[in-house]
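Student: I have not looked at this structure before. Could you take me through it?

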Amino acid sequence: MPAISGLPSIISLLFCPVAELRRDRENKRYIGSICGLGVDRDQRHSLFPEHDMEITFDVEIDNKDISQINGVRSAINLAIGNEEKVSAWGPDAIYKIQEAARKKLLEVVYKKRERVDPVNYNNPYSWNQVDPDDLIETSLEGTPADAPHLFNLHKAQMLEEEVYVDKASPEYLKEHAQWLKKASKDFTKREPITCEICEMTWHTPQLLAIHIETRRHQEKVAALYQKEDY
């Protein structure tokens, strides 16, 4: 296969009959998907469990990617999903649809994606793992572009947006200084504690308590407040 990051995952999402995306525990990103024929009418059992595939993503795939993948699938559905309608459109329309599908396909496949650490889903090979309220319905559902007998359009899911924190900002460092005071008195802490003001790590609250009383640390904190007392 070509040396394209995430190609197996992308190809699976492009051409599988049905896929259900997997999110991480914080619902911040997609970590994989199950691909196959979906579930029976009772929504309880896999239609063909022997052919289900559990995919773990090793590249970042977001809702914009899912939208682009659905664009390819919808173009294919339009081009070959309904022969009677397609024949009535004429050869020019068919060519434009096929060309659009080819262009969208290449854009999706050759898009550069960031590498991520693979995370295995805690309940693999299971369908219906998503709260229906978290599903994002497509505007094409029920139209010829969404053909259940060919390619169902994937339902994206709501992802929690990560809030960017500027750890170099005075506001953040002031709050961090107050947190360090509390952490230095919490003797139940076992993990190392980093003073981001001085960029130093301490392995016990006792050592942290000594550090925040040093002149160096106090001068840096005082500079944040632009006054001598702390």
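Tutor: We will discuss the pockets, then the cysteines, then one helix. Please keep in mind that this is a predicted model.

Student: What is the volume of the largest pocket?

Tutor: The volume of the largest pocket is about 620 Å³.

Student: Which residues lie nearest its centre?

Tutor: Val18, Ala19, Gln43, Leu135 and Lys155 lie nearest the centre of the largest pocket, out of 27 residues that line it. Strand 1, residues 18–23, gives the largest share of this lining, with four residues.

Student: And how does the lining of the largest pocket divide by class?

Tutor: The lining has 13 nonpolar residues, eight polar ones and six charged ones.

Student: What about the second largest pocket, what is its volume?

Tutor: The second largest pocket has a volume of about 180 Å³. It is lined by 14 residues, and Ile66, Ser67, Asn70, Thr138 and His154 are the closest to its centre.

Student: Which element gives the largest share of that lining?

Tutor: Helix 2, residues 63–80, does so with six residues. By class, the lining of the second largest pocket has eight polar, five nonpolar and one charged.

Student: Changing topic: how many disulfides are there?

Tutor: The count is zero. A disulfide would need two cysteine sulfur atoms within 2.5 Å. For Cys16, the nearest cysteine sulfur belongs to Cys35 and is 3.9 Å away, so Cys16 is in no disulfide.

Student: Is Cys16 buried or exposed?

Tutor: Cys16 is buried, because its relative accessible area is 6%, and the limit for buried is under 20%.

Student: Where is the nearest cysteine sulfur to Cys198?

Tutor: It is that of Cys195, 3.8 Å away, and Cys198 is in no disulfide. Cys198 also counts as buried, at 5% relative accessibility.

Student: Now helix 7. Which of its residues are buried?

Tutor: In helix 7, residues 215–225, the buried residues are His217, Val221, Ala222 and Leu224.

Student: Why are they said to be on the same side of helix 7?

Tutor: They are placed on the same side because they cover an arc of only 150° around the axis. Arg215 and Ala223, on the other side of helix 7, are exposed.

Student: What do the buried residues of helix 7 pack against?

Tutor: They pack against helix 5 (170–183), strand 6 (193–195) and helix 6 (205–211).

Student: And which residue follows helix 7?

Tutor: Gln226 follows helix 7, and the phi of Gln226 is positive, near 60°.

Notes
Residues numbered from 1 in each chain as written. Predicted model: local features only at pLDDT ≥ 70, side-chain atom pairs only at ≥ 80, totals over all residues. Heavy atoms only, no water. 1 Å grid on protein atoms, 1.4 Å probe; cavity = no way out; pocket = protein on both sides within 12 Å on 5 of 7 lines; lining within 4 Å. Points joined across faces, edges and corners; volume = space filled by probe spheres on them. Helix = DSSP H or I, 4+ residues; strand = E, 2+ residues; numbered from the N terminus. Nonpolar A, V, L, I, M, F, W, Y, C, P; charged D, E, K, R; others polar. Buried < 20%, exposed > 50% of the residue type's maximum accessible area, 1.4 Å probe, protein only. Arc of directions from axis to C-beta. Contact = heavy atoms within 4.5 Å.
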